[in-house]
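Please work through the following exercises with the sequence and the model at hand. Each task is followed by a solution that goes step by step.

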Amino acid sequence: MLKGIDYFPLDCQFNEAMELIEAEYGFLGFTVIIKIWQRIYSGYGYYCEWTEKSALLFARRIGADSAQAVSAVI
């Protein structure tokens with residue numbers, strides 16, 4: 001049984017680390033970070049399983065070109 005949360009706060013202004021991810025990866029970087037937070041927090045609350053298969057499915061769900069592009073951001 002998953003023990004995640006239904007909601008997590010999202011700052012209106014990101015810190016420099018997030019800005020650097022956006023600067024390097026553009027909208028894909030922003031999307032990956034937000035979507036991975038959703039996956040983590042809705043599942044067990046502090047981690048998620050990350051395998052080649054889950055990376056490929058995650059990339060497909062968010063419309064990324066490849067699992068390698070997603071893994072580069074992460």
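**Exercise 1.** Determine which residues form a nonpolar patch on the surface, and state how much accessible area they have together.

Solution. In this predicted model, the patch on the surface is made up of Y44, Y46 and Y47, which together have about 370 Å² of accessible area. Taking one of these residues further, Y46 is placed in the loop between α1 and α2. Its relative accessible area is 66%, and because exposed means over 50%, Y46 counts as exposed.

**Exercise 2.** Find the buried residues of α2 and decide how they are arranged when seen down the axis of the helix.

Solution. Begin with the list: S54, A55, F58, A59 and I62 are the buried residues of α2. Looking down the axis of α2, one finds these buried residues within an arc of 135°, and they therefore line one face of the helix. The general background is that an α-helix has 3.6 residues a turn, so residues three or four places apart point the same way. Next, turn to the other side of α2, where E52, K53, L56, R60 and R61 are exposed. Finally, ask what covers the buried residues of α2: the cover includes α1 and α3.

**Exercise 3.** Describe the setting of S54, giving its helix, its burial and its contacts beyond four places in sequence.

Solution. S54 belongs to helix α2, which spans residues 52-62. With a relative accessible area of 9%, S54 is buried, the cut-off for that class being under 20%. Once neighbours within four places in sequence are set aside, the residues in contact with S54 are R39 and E49.

**Exercise 4.** Characterise the residue that follows α2.

Solution. The residue after α2 is G63, and its phi is positive, near 80°. G63 sits in the loop between α2 and α3 (67-73), where it is exposed, with a relative accessible area of 60%. Although G63 and L28 are 35 residues apart in sequence, their C-alpha atoms are 9.0 Å apart in space.

**Exercise 5.** Classify the aromatic pair of F8 and Y41, and explain what the pair ties together.

Solution. The search of the whole structure yields seven aromatic pairs. In the pair of F8 and Y41, the ring centres are 5.0 Å apart and the angle between the planes is 50°, which makes the pair tilted. Since F8 lies in the segment before α1 (16-42) whereas Y41 lies in helix α1, the pair ties together parts that are 33 residues apart in sequence. Y41 is partly exposed, its relative accessible area being 28%. As a last step, W37 can be added, for F8, W37 and Y41 form one aromatic cluster.

Methods. Residues numbered from 1 in each chain as written. Predicted model: local features only at pLDDT ≥ 70, side-chain atom pairs only at ≥ 80, totals over all residues. Heavy atoms only, no water. Phe/Tyr/Trp six-rings, centres within 6.5 Å; stacked < 30°, edge-to-face > 60°. Helix = DSSP H or I, 4+ residues; strand = E, 2+ residues; numbered from the N terminus. Buried < 20%, exposed > 50% of the residue type's maximum accessible area, 1.4 Å probe, protein only. Contact = heavy atoms within 4.5 Å. Patch = residues over 30% accessible without salt bridge, like charges linked within 9 Å, V, L, I, M, F, W, Y side chains within 5 Å. Areas by Shrake-Rupley, 256 points an atom, 1.4 Å probe, with all protein chains shown as cover. Salt bridge = Lys/Arg side-chain N within 4 Å of Asp/Glu carboxyl O. Arc of directions from axis to C-beta.
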